[in-house]
Amino acid sequence: MDLTIAAGEKVALLGVNGAGKSTLLLQLNGTLRPSSGTIVVDGLPVTSSNLGQIRARVGLVMQHPDDQLFSPTVGDDVAFGPRYMGLAPAEVDRRVRQALQAVGMTGYEQRPPHRLSLGQRKRVALATVLAMQPSVLALDEPSAGLDPRARRELSTLLRTLPQTMLVATHDLALVTEVCPRVIVIATVA
């Protein structure tokens, strides 16, 4: 595969189950390494020596928010990344407020994530990534399991975010609403 995505572009990644959509997203942030070829993000190759910089640039939002949320409160989950980056407490607090506001979850800081609806947990998972201020968002099936209202809200939110996006999905309505460009991965039998 040879794929170039411009800064600020929102691109949908389509294909049957098992085609490699999620695998590509995991390779984009260095979680998985390709067996051959090269992946470059913002001019920086995805290598072991660049892994910290790559993960700061590429925010991965997993399909299942419970794979991403593990802290006792929403605020702690959103603060985890900025704290890990060694940011000052005031900057961590600012980023948490900003990220929760961006996803419409202000006021949920003290709530346990496991007590939220699926749509709310997906928003918090996105906030955990936004708090890191990545230049690229890699979203794996962001609308899976959402009711129509939550899906519309997510679509509206994704359209407003300035980051470059690669969205792996089967949701064609989301694609038409958010992503002007589509890449189809076909498997060869």
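**Entry 1: the salt-bridge network**

A salt bridge, as I use the term here, is a side-chain nitrogen of Lys or Arg within 4 Å of a carboxyl oxygen of Asp or Glu. With that in hand, I looked through this predicted model and noted that Glu-91, Arg-94 and Arg-95 are joined by such bridges into a network. I then asked how many salt bridges the rule gives, and the count comes to nine. As background, I wrote down that side chains of opposite charge can pair when their charged atoms come close.

**Entry 2: the chain as a whole**

Before going on with single pairs, I looked up the overall layout, and I found seven helices and seven strands in the chain. Read from the N terminus on, the elements follow the order β-α-β-β-α-β-α-α-α-β-α-β-α-β.

I next checked the radius of gyration: for 189 residues a compact globule would have a value near 16 Å, and the chain has 16 Å, so the two agree. Along the principal axes, the C-alpha atoms fill a box of roughly 50 × 40 × 25 Å.

For the inside and the outside, I noted that 48% of the 189 residues count as buried, while the accessible surface of the chain comes to about 9700 Å², with 54% of this belonging to carbon and sulfur atoms. I also looked at how the chain meets itself: of the contacts with a separation of 6 or more, 69% are made by residues 24 or more positions apart.

**Entry 3: two salt bridges between separated parts of the chain**

I went back to the salt bridges and took up Glu-9 and Arg-181, whose side chains meet with an N to O distance of 3.1 Å. This pair links distant parts of the chain, since Glu-9 is in the segment before β1 (10–14) and Arg-181 is in strand β7 (residues 181–184), 172 residues apart. Arg-181 has a relative accessibility of 27%, and therefore counts as partly exposed.

The other pair I followed is Arg-121 and Asp-66, which form a salt bridge at 2.9 Å, N to O. Arg-121 is in helix α5 (residues 118–130) and Asp-66 is in the loop between β4 and α3, so the pair ties together parts that lie 55 residues apart in sequence. Are its two members buried or exposed? I found that Arg-121 counts as buried because its relative accessibility is 15%, whereas Asp-66, at 48%, counts as partly exposed.

**Entry 4: Thr-73 and Asp-76**

I then turned to Thr-73, which lies in the loop between β4 (58–61) and α3 (74–84). Its relative accessible area is 13%, and buried means under 20%, so I entered Thr-73 as buried.

Which residues does Thr-73 touch, leaving aside its neighbours within four places in sequence? I listed Glu-109, Gln-110, Arg-111, Pro-112 and Pro-113 as its contacts. Within its own neighbourhood in sequence, I noted that a polar atom of the Thr-73 side chain lies 3.0 Å from the backbone nitrogen of Asp-76.

That led me to Asp-76 itself, which forms a salt bridge with Arg-83, where the closest N and O atoms are 3.7 Å apart. I recorded Asp-76 as partly exposed because its relative accessibility is 26%, and Arg-83 as partly exposed too, with a relative accessible area of 47%.

**Entry 5: a nonpolar patch on the surface**

Looking over the surface, I came to Phe-70, Phe-80 and Tyr-84, which form a nonpolar patch there and together have about 420 Å² of accessible area. I looked more carefully at Tyr-84, which has its place in helix α3. Its relative accessible area is 71%, and so Tyr-84 is exposed.

**Entry 6: two residues with positive phi**

Last, I looked up backbone angles and marked Gln-133, which has a positive phi of about 55° although it is not a glycine. Gln-133 lies in the loop between α5 and β5 (136–140), and its relative accessibility of 38% makes it partly exposed.

I marked Glu-141 as well, as it has a positive phi of about 50° and is not a glycine either. Glu-141 is found in the loop between β5 and α6 (148–160). Is Glu-141 buried or exposed? With a relative accessible area of 10%, I wrote Glu-141 down as buried.

Technical notes: Residues are numbered from 1 along each chain as its sequence is written. This is a predicted model: local features need pLDDT of at least 70, side-chain atom pairs count only at pLDDT 80 or more; totals for chains, interfaces and linings use all residues. Side-chain values use heavy atoms; hydrogens and water are left out. Helices (H or I, at least four residues) and strands (E, at least two) are DSSP runs, numbered from the N terminus. Buried means under 20% relative accessible area, exposed over 50%, partly exposed in between (1.4 Å probe, protein chains only). A polar contact is a pair of N or O atoms within 3.5 Å; within protein, one must be able to donate a hydrogen and the other to accept it, and residues adjacent in sequence count only if both atoms are side-chain atoms. Contact means heavy atoms within 4.5 Å. Patches are made of residues with over 30% relative accessible area and no salt bridge: like charges are joined within 9 Å, nonpolar side chains (Val, Leu, Ile, Met, Phe, Trp, Tyr) within 5 Å. Accessible areas come from the Shrake-Rupley method with a 1.4 Å probe; for residues, only the protein chains shown count as cover. The radius of gyration is taken over C-alpha atoms; the globule rule is 2.2 Å times the number of residues to the power 0.38.
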